[in-house]
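Morning, everyone. Please look at the model on the screen, and then we'll talk through its pockets and its salt bridges.

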Amino acid sequence: MLRPLVGVTACLKENGRGGWHHTVGDKYVQAAIRAVGGLPVLIPAFGGEFAEDRPMTEALDRLLDMLDGVLLTGSPSNVEPRHYGGMPSREGTAHDAARDATTLPLIRHAVSHAVPLFAICRGLQEVNVAMGGSLHQLVHEVEGRRDHRSLKSPHTDVNYAPAHDVEIVEGGLLARLLGRRRVTVNSLHAQGVDRLAPCAQLEAVADDGQVEAFSLPDAPAFALALQWHPEHRALENPVSMKLFEAFAAACRARAAARLGSPLRAAAE
């Protein structure tokens, strides 16, 4: 079986000793290896060089030409509201300007280069902003919306426990992949979709009306964004595995096409 190369986005975080680390949760790396069957390639939060430096944007295109998929990870930080015309964030809100400056152009370039995308939590929010949508900074303060934040327990399984159902839109990509109309998901986010990007198609919604999944139907490759976290114990969750398997199939198809026909049979 051909192992696709899967780009996995990183955050930039202070290490508490005056330095900075590019970080990725191991659960995303393990999902790329075990649920996708790929080789993860970590994409650091390079920062603002993408915005102004033409050689850097050309290098980004070359990087994407070598990747077979991109997994956009979750994070405690919020997308800065200036990217979607929102009001300044409340004091104390966690942001990651370097990640924003990396992932937003990365998403647009990946779509234009037909690189399969699978976006999780903050990744969903990034795709929505990158493609022209906007966000609620604090979903739980929006009238009629539930509190979608986690319990902040020291135990991971408590934080990622099933939290609520989502209704899957009939006839969409998610409905075709899962073959069902409702699934139960975890919930660990304060930020969420406000205005859906014009090119996005709603795929799932919570009972309070909050967007839980969308696709990019006009993208030339697989492009699915989820607000919940399918990477948590993915191998034990049949719903999560169906989603990762669909992403994996798209990544293998790109790898086979990118590397030439001799490997296509192995990929299939």
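**Pockets and salt bridges**

Let's start with the lining of the largest pocket: 13 nonpolar, 18 polar and 7 charged residues. Keep in mind that this is a predicted model.

How much space lies in that largest pocket? About 780 Å³. Its lining has 38 residues. Nearest the centre are S75, P76, S77, N78 and L188. Which elements supply the lining? Among them are β2 (11-14), α1 (26-35) and α5, each giving at least two residues.

Next, the second largest pocket. Here the space is about 220 Å³. The lining has 15 residues. T184, V185, N186, N237 and S240 lie nearest the centre. By class, that lining has 8 nonpolar, 6 polar and 1 charged residues. Both β9 and α8 (238-259) supply at least two residues each. The largest share, 3 residues, comes from β9.

Now the salt bridges. How many does a search of the whole structure find? The search finds 14. I'll show three.

Take D100 and R122. Their side chains meet at 2.9 Å, N to O. D100 lies in helix α4 (residues 97-112) and R122 in helix α5 (residues 122-130), so this pair ties together parts that are 22 residues apart in sequence. Are these two residues buried or exposed? The cut-off for buried is under 20% relative accessible area. D100 has 0%, so D100 is buried. R122 is also at 0%, so R122 counts as buried.

Second pair: D165 and R182. The closest N and O atoms are 3.7 Å apart. This salt bridge links distant parts of the chain, with D165 in strand β8 (residues 164-168) and R182 in strand β9 (residues 182-185), 17 residues apart. We met β9 a moment ago, in the lining of the second largest pocket. D165 is partly exposed, at 30% relative accessible area. R182 is partly exposed too, at 40%.

Third pair: R233 and E236. Their side chains meet in a salt bridge at 3.1 Å, N to O. Which class does each residue fall into? R233 has 42% relative accessibility, so R233 counts as partly exposed. Exposed means over 50%. E236 is at 57%, so E236 counts as exposed.

One last point, on a network. Salt bridges that share partners join R99, D100, R122 and E126 into one network. D100 and R122 are the buried pair from before. Find those four residues on the screen.

Conventions: Residues are numbered from 1 along each chain as its sequence is written. This is a predicted model: local features need pLDDT of at least 70, side-chain atom pairs count only at pLDDT 80 or more; totals for chains, interfaces and linings use all residues. Side-chain values use heavy atoms; hydrogens and water are left out. Helices (H or I, at least four residues) and strands (E, at least two) are DSSP runs, numbered from the N terminus. Buried means under 20% relative accessible area, exposed over 50%, partly exposed in between (1.4 Å probe, protein chains only). On a 1 Å grid over the protein atoms alone, a cavity is a set of points where a 1.4 Å probe fits but cannot get out, and a pocket is an open set with protein on both sides within 12 Å along at least five of seven lines; lining residues have an atom within 4 Å of a point. Grid points are joined across faces, edges and corners, and a volume is the space filled by probe spheres set on the points. Ala, Val, Leu, Ile, Met, Phe, Trp, Tyr, Cys and Pro count as nonpolar, Asp, Glu, Lys and Arg as charged, and the others, Gly among them, as polar.
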